Amino acid sequence: MPHPSISNYFISLNEAKSLSQSIKIPIEEEEVNIENSYNRILSKDVYSLVNDPPFDNSSMDGYAVIFSDTISATQENPIELEIIDFISAGHPPIKKLTSGSAAKIMTGAPIPEGADSIIMIEKTKEVDGKVLLYCPSFPNYIRLKGENLTKNELILEKGTFLTPHNIGLLATSGHSKISVIKKLKISIISTGDELIPPGLEIKKGQIYESNSYVLEGLIKEIGHIPIRKKAIPDSIEKLRIELNNAALESDLIITSGGVSMGDLDIVRKLMETEGEILFWRIKIKPGSPPLFGLWGETPLFGLPGNPVSSSVVFQMLINPWLKYITNSKGPKEKIIKAKLTEEIKNKKDFLVFPRVLVENNEEGLIAYTKTHQGSGNLRSLTTHNGIAIIYPHIKYEINSQIDVLLL
């Protein structure tokens with residue numbers, strides 16, 4: 001149950017991360033085809049099944065030759081060699097090269113025995129079964145066996161978040177299936193009498209519900225399964241039913257709204273009486289007061305109803321928790337340094353997260369605010385491309401360097 005003075009107690013973001021990460025859930029793994037592994041998390045280290053390249057091959061269309069035959073070749077005094085073979089990608093060489101001979105070769109084709117360099121086709125002229133070389137050949141135009149990967153080499157570590165390039169590497173190394181963390185199912189429940197779904201006619205006192213759509217997208221981006229519920233009214237009884245159903249079908253519950261001190265903040269009230277709260281209120285702005293606890297055995301993050309606050313808490317608290325419990329090394333946060341073009345006020349003891357627009361000009365990366373910073377202004381997350389991290393102990397003036405989390 002909650003700490004007796006929890007309503008008056010703020011904790012730091014780091015304390016909130018530590019408390020939330022003390023709660024674990026069962027993590028399972030499964031095998032999937034690599035074409036279905038985008039945005040998945042590796043559950044085992046992966047080793048290459050092959051050498052890459054599997055054989056020495058040409059990086060150019062041209063001629064495979066013996067370097068010593070070509071050293072004296074110039075535009076004025078070309079070297080003449082006999083063409084004894086034609087080698088294309090996917091086909092092995094037929095003949096061995098000896099001094100005075102050459103093999104016409106296509107990009108990716110295996111290097112014939114005896115050859116030690118390539119001359120590109122643009123530096124040659126073919127005449128009656130012979131080739132004239134107008135400059136020396138290039139040993140570095142041969143891609144050597146295993147220069148990219150060697151068989152049994154560790155290529156991707158457990159916890160790797162699989163990007164398109166990672167998946168290409170899996171294919172290159174011979175893997176058609178891979179072991180990954182099973183996707184978590186995450187229920188999203190928005191609360192509030194005023195909320196209606198987009199598409200309905202709006203009446204006085206109502207607003208269109210948007211938080212669940214934002215959270216759904218953020219969950220998909222990091223490779224899990226969102227279960228977006230229809231918004232429920234401010235009813236303890238209906239919330240209890242919805243939380244019980246969510247606990248049966250999901251690994252994590254995220255609520256939006258109903259966590260503050262008002263008479264109709266039903267998530268906080270129900271969690272205080274029937275759930276277990278590990279913390280409530282964090283020293284962040286926007287974003288307070290979120291809560292974290294357990295509904296039965298299921299972890300629950302209660303987010304504020306303001307859309308910017310909801311998104312910021314997901315980025316700063318829920319995302320790190322999901323990465324921690326799944327041992328995921330990605331997707332990696334992109335935090336950069338930028339120069340402020342305006343003053344930004346900090347807040348005693350609080351981390352402040354203003355939305356900023358980062359641009360590159362002649363002075364380097366600059367950051368500034370473009371719209372008002374109200375926590376209800378979702379547009380501030382679309383007109384800006386970063387969240388500045390404003391620390392309480394630093395004074396931020398024009399030209400101050402700040403940390404920015406790129407969106």
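1. Phe 353 is a useful place to start in this predicted model: leaving aside residues up to four places away in sequence, Phe 353 touches Leu 13, Ile 284, Lys 285, Pro 286, Val 312, Met 316, Ile 387, Ala 388 and Ile 389.

2. Phe 353 also belongs to the largest nonpolar core, which has 37 residues, and together with Ile 254, Phe 314 and Leu 322 it touches the most other members. Elements that each supply at least two residues of this core include helix 1 (13–20), helix 4 (211–221), strand 17 (252–256) and strand 26 (386–389), while the largest share, ten residues, comes from helix 7, which runs over 307–325.

3. Apart from that core lies another, of 16 residues, and among them are Ala 246, Ile 253, Val 259 and Met 271.

4. As to the overall fold, the protein chain contains seven helices and 27 strands. Its radius of gyration is 31 Å, well over the 22 Å that the globule rule gives for 407 residues, and the chain is therefore more spread out than a compact globule. The C-alpha trace spans about 95 × 50 × 45 Å along its principal axes.

5. Where contacts join residues at least 6 apart in sequence, 69% of them link residues at least 24 apart. Of the 407 residues, 47% count as buried.

6. On the surface, the protein chain exposes about 20,300 Å², of which carbon and sulfur atoms supply 51%. With regard to charge, there are 44 positive and 49 negative side chains, and the centres of these two sets lie 6 Å apart.

Terms used. Residues numbered from 1 in each chain as written. Predicted model: local features only at pLDDT ≥ 70, side-chain atom pairs only at ≥ 80, totals over all residues. Heavy atoms only, no water. Helix = DSSP H or I, 4+ residues; strand = E, 2+ residues; numbered from the N terminus. Rg over C-alpha atoms; globule rule 2.2 N^0.38 Å. Buried < 20%, exposed > 50% of the residue type's maximum accessible area, 1.4 Å probe, protein only. Contact = heavy atoms within 4.5 Å. Areas by Shrake-Rupley, 256 points an atom, 1.4 Å probe, with all protein chains shown as cover. Lys, Arg positive; Asp, Glu negative; His and termini not counted. Charge placed at Lys NZ, Arg CZ, Asp CG, Glu CD. Core = buried A, V, L, I, M, F, W, Y, C linked by side-chain atoms within 4.5 Å.
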